[in-house]
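Biologist: Got a minute to go through this structure with me? I'd like to start with one residue and work outwards.

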Amino acid sequence: MRAITGDPPNLGFQIRELSAETWPDFVRIMEKHGGVWGGCWCVAFHQTDRQLKQMTTPHRQYKEELVRANRAHAALVYEGADVAGWCQFGSPTELPGRMGRLPRLGLDPPDWRLTCFFVDRDRRREGVAQAALAGAIQLIKEYRGGTVNGYPIAIAGKSQSSSFLWGGTASMFVDAGFKEIARLGTSKLVMRKIVKP
């Protein structure tokens, strides 16, 4: 298990990687929020759309199996003993889901995908998502680095419910050094950063 503490980009939070050891903490925040997004348990990106529709294993069980097999990664943001949020990351092989129109863009596939963020409803607007993004980048650096894609929303000053910002915001990614490389519709962006090991 990797832990990152005290770096200014992490805004004073501690970052720990999702693992068998941190699984109980992840479960607590998941249960508090009903499994997140209708019981997803952060499995939607682990399956293609077709696989997800045919899935019979309960999402919680499936996610735990992935975590214990080291096939699910996330930067968990801690304040004290509690998880305040996270950023899920992984290779395109580990996270093949919700690719949508991406293959039609003709982009070189990244080494890593940052697929979703979640922030505890009691901790929003406190920098948790930014800390999760910084933590994910640091963990990716410790693995081997490479090209990293994120899929944030360009809100451009518009009021947006935080529950719809599961991909993060474009400004957050720009602040972390990502560059826009494509657009998926009017507000969904593909942004990329090269992380050196």
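Modeller: Sure. This is a predicted model. Start with Trp41: its relative accessible area is 8%, so Trp41 is buried, under the 20% cut-off.

Biologist: Where does Trp41 sit in the fold?

Modeller: Trp41 lies in the loop between helix H1 (23–32) and helix H2 (49–54).

Biologist: What about the phi of Trp41?

Modeller: Phi is near 55° for Trp41, a positive value in a residue other than glycine. Most residues other than glycine have a negative phi.

Biologist: And Cys42, buried or exposed?

Modeller: Cys42 is buried, at 3% relative accessibility. Cys42 is in the loop between H1 and H2. Phi of Cys42 is positive too, near 60°.

Biologist: Switching to the core. Which residues touch the most other members of the largest nonpolar one?

Modeller: Leu114, Phe117, Leu133, Phe173 and Phe178, out of 28 residues.

Biologist: Which element gives the most to this core?

Modeller: H4 does, with 9 residues. Helix H4 spans 128–143.

Biologist: What is Phe117 in contact with, beyond its sequence neighbours?

Modeller: Leaving aside neighbours within four places, its contacts include Trp37, Trp86, Leu133, Trp166 and Phe173. There is also a second, separate core of 24 residues; Cys42 is among them.

Biologist: Now the outside. Which residues make the nonpolar surface patch of about 190 Å²?

Modeller: Leu105, Leu107 and Ile181. Leu105 is partly exposed, at 32% relative accessibility. Leu105 is in the loop between strand E4 (82–90) and strand E5 (112–119).

How values were computed. Residues are numbered from 1 along each chain as its sequence is written. This is a predicted model: local features need pLDDT of at least 70, side-chain atom pairs count only at pLDDT 80 or more; totals for chains, interfaces and linings use all residues. Side-chain values use heavy atoms; hydrogens and water are left out. Helices (H or I, at least four residues) and strands (E, at least two) are DSSP runs, numbered from the N terminus. Buried means under 20% relative accessible area, exposed over 50%, partly exposed in between (1.4 Å probe, protein chains only). Patches are made of residues with over 30% relative accessible area and no salt bridge: like charges are joined within 9 Å, nonpolar side chains (Val, Leu, Ile, Met, Phe, Trp, Tyr) within 5 Å. Accessible areas come from the Shrake-Rupley method with a 1.4 Å probe; for residues, only the protein chains shown count as cover. A salt bridge is a side-chain nitrogen of Lys or Arg within 4 Å of a carboxyl oxygen of Asp or Glu. A nonpolar core is a set of buried Ala, Val, Leu, Ile, Met, Phe, Trp, Tyr and Cys residues joined through side-chain atoms within 4.5 Å. Contact means heavy atoms within 4.5 Å.
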